[in-house]
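Biologist: I'd like to learn how to read the places where parts of a structure meet. Could you walk me through one?

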Number of protein chains: 4
Amino acid sequence: MSISADNTTHESVAASHALPEPTEEEAAQLEQLYKDFAAGNMIPLWTEIGDLMPMVPTPKAVAHVWRWNDLYPLAARAGDLVPVGRGGERRAIALANPGLSGAPYATPTLWAAIQYLGPHEVAPEHRHSQNAFRFVVEGEGVWTVVNGDPVAMRRGDFLLTPGWNFHGHHNDTDQPMAWIDGLDIPFVHYADAGFFEFGTERVTDEATPDISRSERLWAHPGLRPLSGLDDTTNSPIAAYRWEHTDAALREQLLLEDEGHPATVSQGHAAIRYSNPTTGGDVMPTIRAEFHRLRAGATTEPLREVGSSVWQVFEGTGTVVINGETKQLAKGDLFVVPSWQQWSLHADNDQPDFDLFRFSDAPIFERLNFNRSYTEGRK
Amino acid sequence: MSISADNTTHESVAASHALPEPTEEEAAQLEQLYKDFAAGNMIPLWTEIGDLMPMVPTPKAVAHVWRWNDLYPLAARAGDLVPVGRGGERRAIALANPGLSGAPYATPTLWAAIQYLGPHEVAPEHRHSQNAFRFVVEGEGVWTVVNGDPVAMRRGDFLLTPGWNFHGHHNDTDQPMAWIDGLDIPFVHYADAGFFEFGTERVTDEATPDISRSERLWAHPGLRPLSGLDDTTNSPIAAYRWEHTDAALREQLLLEDEGHPATVSQGHAAIRYSNPTTGGDVMPTIRAEFHRLRAGATTEPLREVGSSVWQVFEGTGTVVINGETKQLAKGDLFVVPSWQQWSLHADNDQPDFDLFRFSDAPIFERLNFNRSYTEGRK
Amino acid sequence: MSISADNTTHESVAASHALPEPTEEEAAQLEQLYKDFAAGNMIPLWTEIGDLMPMVPTPKAVAHVWRWNDLYPLAARAGDLVPVGRGGERRAIALANPGLSGAPYATPTLWAAIQYLGPHEVAPEHRHSQNAFRFVVEGEGVWTVVNGDPVAMRRGDFLLTPGWNFHGHHNDTDQPMAWIDGLDIPFVHYADAGFFEFGTERVTDEATPDISRSERLWAHPGLRPLSGLDDTTNSPIAAYRWEHTDAALREQLLLEDEGHPATVSQGHAAIRYSNPTTGGDVMPTIRAEFHRLRAGATTEPLREVGSSVWQVFEGTGTVVINGETKQLAKGDLFVVPSWQQWSLHADNDQPDFDLFRFSDAPIFERLNFNRSYTEGRK
Amino acid sequence: MSISADNTTHESVAASHALPEPTEEEAAQLEQLYKDFAAGNMIPLWTEIGDLMPMVPTPKAVAHVWRWNDLYPLAARAGDLVPVGRGGERRAIALANPGLSGAPYATPTLWAAIQYLGPHEVAPEHRHSQNAFRFVVEGEGVWTVVNGDPVAMRRGDFLLTPGWNFHGHHNDTDQPMAWIDGLDIPFVHYADAGFFEFGTERVTDEATPDISRSERLWAHPGLRPLSGLDDTTNSPIAAYRWEHTDAALREQLLLEDEGHPATVSQGHAAIRYSNPTTGGDVMPTIRAEFHRLRAGATTEPLREVGSSVWQVFEGTGTVVINGETKQLAKGDLFVVPSWQQWSLHADNDQPDFDLFRFSDAPIFERLNFNRSYTEGRK
């Protein structure tokens with residue numbers, strides 16, 4: 001679809017259609033009309049259209065980077081000062097987009113937080129409509145228990161807690177652990193769609209197995225248990241393990257080396273986490289992906305409807321968002337607002353530049369608002 | 001799904017888990033921590049969870065009625081004072097929900113407005129991502145031209161302008177005409193998903209046929225043109241005519257009289273406008289229905305995730321929303337916010353109580369947030 | 001997809017790879033091997049592949065025309081001699097494709113029969129897995145009762161009896177009536193998928209309404225009853241009435257006259273009967289369409305995977321199938337086998353050439369075997 | 001769905017409705033009528049209905065066992081006597097169901113054959129509409145090259161060659177190898193839907209990698225390459241490896257031991273091979289599964305619409321089909337015709353009883369003819 005490249009706006013168009021000044025009487029009548037509108041809980045379109053219906057998306061959310069080196073120490077201090085338990089539920093600290101007027105939202109739709117659990121602490125069980133996942137950039141020792149299934153959390157793992165599943169976390173070690181939570185809290189709040197229910201104070205199964213029962217049933221490539229033939233909205237795989245993600249990316253780059261189509265573009269491997277019962281996204285509102293750029297590789301500048309949050313998993317590089325370059329290092333999180341042009345570049349002095357990404361893309365695809373635009377392409 | 005009926009809240013739960021008061025030093029450290037959070041664009045969950053993740057939806061939008069007898073005269077005054085044309089685009093005045101802080105939104109997702117076009121006026125062509133429809137409670141004489149297809153607007157008709165279709169309106173008569181516009185403007189604005197493009201100043205086809213070309217191709221029950229076998233996101237029918245809606249409702253009540261299942265409940269007939277290429281909703285974000293209650297009939301109290309806007313088409317009755325009763329007459333519009341219990345009742349002294357309804361239900365169904373609850377049912 | 005145009009066959013290829021003649025000893029060993037295969041219920045591919053896996057479909061069914069002037073008198077004689085009732089169930093006489101070795105099949109998948117019901121006769125109720133429809137080329141006065149819903153049958157109507165619906169027919173007049181039955185009997189027999197159950201001896205509802213309850217609920221363009229929101233495999237519309245079919249075709253040709261896209265090709269209007277809950281075919285194995293050619297119009301020569309049966313409804317013309325021209329008049333039925341090229345031509349001296357068609361196309365689409373080829377197109 | 005348990009048949013019903021004997025004149029007229037039907041390529045329903053539309057499926061195909069100890073030696077003798085190459089294409093010997101009148105069909109829809117390739121032999125490339133797979137009960141050393149991707153074949157592997165993919169095989173070793181081919185040849189032949197094209201005489205890539213490129217891209221649990229986001233009718237995984245199948249089954253039985261739901265029934269683990277882009281069957285006409293029974297376990301007697309072919313992979317046991325018990329050992333193949341009741345039992349003196357199964361179930365599910373019946377269940 002062609003997107004207008006010129007600077008047409010409602011304002012510029014309105015200006016060029018300027019009407020003769022109203023007479024004094026007309027002005028008075030108009031003033032009274034607007035008062036009467038206000039009294040009647042009515043607002044005219046013609047005074048609002050420029051902001052309401054811009055030519056292209058003009059997000060209030062801004063591109064922003066949160067440094068892991070800032071986040072982690074603050075989370076650790078909260079670990080000392082703020083207990084975790086019923087009522088507050090989680091020791092999670094949200095990334096608050098500077099453009100969003102003080103709301104605890106990374107983007108209008110997405111919540112991203114660092115969660116911190118001290119040695120032997122327990123975050124009590126609850127469930128809610130909001131879809132959630134965890135991603136682990138470092139550490140291990142916590143088990144998240146999802147509907148009674150204990151799921152080990154380790155570096156590189158992507159872990160699901162889809163809506164309305166009871167879940168709690170407990171740290172089985174003498175070390176603290178921190179990770180990233182991603183949820184659709186802002187969307188659900190906006191849309192008045194959320195339900196919440198408290199569960200048990202301790203997790204319902206304190207076992208600490210290496211892999212979850214969900215993985216034992218479901219994480220075999222292309223194989224479905226005959227006891228699980230009904231398709232599910234959410235992926236039945238509770239944990240996508242790093243070893244599989246890493247292998248998939250490695251093979252893509254090797255296939256590229258061997259001359260076969262496999263990568264997104266030269267030097268850019270990527271996978272999408274998917275629901276094996278449908279092939280679609282893991283949850284109805286959240287897309288999750290993992291990207292690997294070879295040293296020196298650059299992605300094509302891209303605009304997309306919808307917002308995303310990225311975390312650097314390994315390596316260093318830069319992201320250019322709407323022309324502004326940001327340096328990135330391990331653990332750093334950044335936000336790309338809707339329709340802002342982004343491009344990643346991997347530094348040269350490293351093996352690979354690895355990034356985890358999540359976004360609200362399924363919302364736009366399911367509602368047919370998805371669009372994208374690559375510079376220089378038709 | 002069972003919804004907790006008790007009064008559990010985060011606050012009540014937190015209170016029952018109250019911790020010992022912090023020491024002065026701890027309090028100082030905590031204060032510093034919160035300052036550092038703010039400086040780092042971080043916000044803790046534990047101070048926000050009660051508002052962010054309530055036990056059930058707690059919409060800011062409120063139930064409200066706008067009277068046709070108020071709306072129409074104000075629109076007519078705007079007709080005298082405010083020209084329609086490029087820039088402002090439309091003489092539409094939005095219903096502004098008193099709970100939504102001055103935004104021109106009927107609900108968080110839905111726009112509802114009265115649009116007024118004077119004799120021989122033209123609203124210029126444009127297109128936008130936002131999905132739109134018109135519903136006509138009285139009058140005729142305007143043609144809306146959708147992608148070059150002139151569509152007559154008459155009492156009882158439901159008319160589509162799905163996203164990214166060029167459209168303009170022109171009044172071919174010596175009388176003004178007003179109607180209701182419904183769009184997903186608030187949702188698209190919230191989600192940063194909107195694109196807009198100006199079209200021609202006059203409508204591209206000034207013909208005034210009785211029915212549109214889209215109807216001639218598509219409005220035959222169960223018949224698809226062989227030239228139109230690709231399914232479309234939006235309904236290809238530009239106008240759903242009153243004569244069909246009326247007949248469908250009448251037959252349902254007759255079938256009920258004859259002892260056959262046909263109505264939603266005793267004395268309550270209803271149809272949903274649908275896309276003949278898929279059987280689904282007419283547009284991806286908006287559901288539209290028409291309801292007819294026999295004199296004296298009452299609908300079961302119902303809660304639903306998502307919001308809706310109703311307009312009385314004919315007859316009189318009441319709606320009870322979260323316990324509050326509101327009288328309704330022809331043309332009146334009212335809003336039901338998410339999860340507020342509603343029930344309609346038709347007055348006795350009339351043939352039928354007819355109401356048009358539109359809602360954001362497809363958003364919740366497509367994203368799996370839909371839930372409903374009928375009092376007294378499991 | 002490119003289809004080989006040359007004359008390559010397994011035989012010609014095998015001939016060009018001919019091996020040296022076997023020695024006498026080898027020949028004896030080979031003979032013994034084939035005997036041992038036979039004894040072991042084994043058959044080698046290499047002797048069968050030419051017939052089993054031809055380069056393009058080579059149907060045994062042949063193109064054939066059955067004349068209404070032959071069919072009807074024979075059916076009427078059966079009306080005098082053969083009673084209708086329990087056991088034989090129906091006075092239906094199948095078109096037996098001359099290529100199909102005496103089976104009562106129009107094509108490998110499709111059954112087509114003329115059914116005849118004398119004055120006041122009743123065909124008892126039963127149900128079966130097989131999907132069925134009726135099409136009426138002339139006459140009226142019979143009601144088919146489908147799951148208790150009496151459905152009037154009149155010229156031009158297309159009437160459904162999807163699998164496992166109880167149904168019977170009764171003639172309410174002093175005149176006989178004949179019509180066409182179409183079913184997937186051959187497919188279901190081949191696939192060992194059929195179940196059958198006897199019902200009542202008389203129809204369960206002897207009322208003779210003008211339109212069925214299913215139509216009163218469902219045959220309103222683009223409108224679904226709120227009491228019928230679950231999608232159904234089969235169309236809920238029991239009767240597609242001639243007035244709607246005729247109007248849809250007429251409008252397509254008028255739109256063509258006015259310069260708008262509407263027809264399949266110049267002078268060729270067509271509709272597909274569809275399921276309003278899905279937009280898809282009326283039943284999972286059978287597609288039904290109605291085609292109208294203006295006087296003098298010709299359709300592009302087309303090959304398709306799958307077979308179809310046509311009946312002339314009005315007018316005269318010709319069909320060319322694999323190069324052979326057949327004259328057609330009102331009521332005549334003809335078969336187009338899989339992958340045989342067909343083209344219709346309407347005679348000049350008439351208003352329109354109208355044809356009903358049914359086919360097994362949904363089977364091939366649902367199993368991804370559908371292909372088509374238009375001469376001269378890529 | 002309730003299936004009639006009594007012995008009602010068309011014949012018994014017809015007998016109970018016997019009409020008075022026709023007079024001599026009537027008999028003569030009737031005889032003439034039948035002659036005229038035959039001359040007109042017409043066949044009455046009432047004389048055919050009992051066979052055409054039985055009360056439940058009455059397959060001609062019979063339950064039958066082919067012993068690996070018979071099959072393999074015959075295939076090896078063919079290896080000595082019959083060259084493999086262009087024209088005959090494959091040294092494959094089909095299982096010919098004794099009930100199917102000498103056709104090389106295991107069931108009406110399914111082809112099952114043993115294919116044998118001698119040391120360093122090559123089966124040339126070709127492609128066809130028919131969907132194919134290989135399953136390996138013993139041996140290794142052959143690579144099947146599917147659209148240029150070399151796929152190693154080893155014991156326990158399930159390998160896909162979906163319709164219209166070029167493929168050939170070559171034996172890279174000094175040992176012969178045999179395996180099972182499964183295709184929908186009978187269905188495609190019946191339905192006149194097959195196309196065939198010759199390819200190169202040698203395979204297009206003679207490399208002998210351990211795993212195929214398709215696996216390197218796709219066989220990672222729940223992970224999709226971003227370069228492969230378009231869903232595909234057929235699974236993109238060319239080889240489902242034994243190690244994954246074995247692990248999935250093992251885990252199901254361990255979970256059962258631990259008290260968690262995982263198996264189909266007590267002691268009966270099973271997986272379905274699936275398409276990771278949709279979660280559905282690997283190909284549109286063929287379902288494939290692997291079943292493992294603990295020693296002593298028995299499956300519930302089951303009837304299903306559609307036919308299947310099983311091969312014992314390991315262990316010994318019995319199958320009871322319509323009351324007849326058959327002993328089974330490694331490599332044995334057997335057929336279960338439509339609607340015949342089957343139950344498996346694993347012998348006691350062994351670790352596990354492992355069986356591969358393929359069936360035509362997707363055909364029936366996609367066309368809504370699927371039904372099943374478990375003795376004693378509603």
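Modeller: Sure. Keep in mind that this is a predicted model. Let's start with charges: side chains of opposite charge can pair when their charged atoms come close. Over all chains, the structure holds 116 salt bridges. One of them is between the side chains of Arg216(A) and Glu251(D), at 2.6 Å from N to O.

Biologist: Where do Arg216(A) and Glu251(D) sit in their chains?

Modeller: Arg216(A) is in helix α6 (residues 213–218) of chain A, while Glu251(D) is in helix α7 (residues 242–257) of chain D, so this pair joins two chains.

Biologist: Okay, next topic. How do I get a feel for the size of an interface?

Modeller: The size of an interface is often given as the accessible area lost when the parts come together. Take chain D and chain C: the area buried between them is about 8,400 Å². Carbon and sulfur atoms give 70% of that area. You can also count residues: 99 residues of chain D are in contact with 99 residues of chain C.

Biologist: How many salt bridges are there between chain D and chain C?

Modeller: The count is 2 salt bridges. Asp36(C) forms a salt bridge with Arg77(D), and their closest N and O atoms are 2.7 Å apart. There are also 25 residue pairs in polar contact across the interface of chain D and chain C, counting pairs with both residues at pLDDT 80 or more.

Biologist: And which element of chain D gives the most to the side that touches chain C?

Modeller: That's helix α2 (residues 24–39) of chain D, with 7 residues. Sorted by class, the side of chain D that touches chain C has 59 nonpolar, 25 polar and 15 charged residues.

Biologist: Can strands take part as well?

Modeller: Here's a case to look at. Strand β3 (residues 92–95) of chain C and strand β1 (residues 42–44) of chain D run antiparallel, joined by 3 bridges. Look for Ile93(C), which stands opposite Pro44(D) in β1(D).

Biologist: Which chains do not touch?

Modeller: Chain B and chain D are one such pair, with their nearest C-alpha atoms 18 Å apart. Chain A and chain C have no contact either, and their closest C-alpha atoms lie 18 Å apart.

Biologist: Can I read the inside of one chain the same way?

Modeller: Let's try chain A. The domain assignment gives domain 1 (64–239) and domain 2 (242–374). Their C-alpha centres lie 22 Å apart. In chain A, 42 residues of domain 1 are in contact with 37 residues of domain 2. The two domains of chain A bury about 3,200 Å² between them, with 68% of it on carbon and sulfur atoms.

Biologist: Which three residues supply more of the area that domain 1 of chain A buries against domain 2 of chain A than any other three?

Modeller: Leu110(A), Arg155(A) and Phe158(A), which supply 18% of it.

Biologist: What about charges between these two domains?

Modeller: There are 2 salt bridges across the interface of domain 1 and domain 2 of chain A. Arg67(A) forms a salt bridge with Asp332(A), where the closest N and O atoms are 2.7 Å apart. The polar contacts between the two domains of chain A come to 17 residue pairs, both at pLDDT 80 or more. Among the elements giving two or more residues to the domain 1 side are α4 (68–81) and β4 (111–117) of chain A. By class, that side of domain 1 of chain A has 24 nonpolar, 12 polar and 6 charged residues.

Key:
Residues are numbered from 1 along each chain as its sequence is written. Chains are lettered from A and ligands numbered from 1 in the order in which they are written. Side-chain values use heavy atoms; hydrogens and water are left out. Contact means heavy atoms within 4.5 Å. Buried area is the accessible area (1.4 Å probe) that two parts lose on being put together, summed over both. A salt bridge is a side-chain nitrogen of Lys or Arg within 4 Å of a carboxyl oxygen of Asp or Glu. A polar contact is a pair of N or O atoms within 3.5 Å; within protein, one must be able to donate a hydrogen and the other to accept it, and residues adjacent in sequence count only if both atoms are side-chain atoms. Helices (H or I, at least four residues) and strands (E, at least two) are DSSP runs, numbered from the N terminus. Ala, Val, Leu, Ile, Met, Phe, Trp, Tyr, Cys and Pro count as nonpolar, Asp, Glu, Lys and Arg as charged, and the others, Gly among them, as polar. Two strands pair if DSSP finds at least two bridges between them. Domain bounds come from an automatic or database domain assignment.
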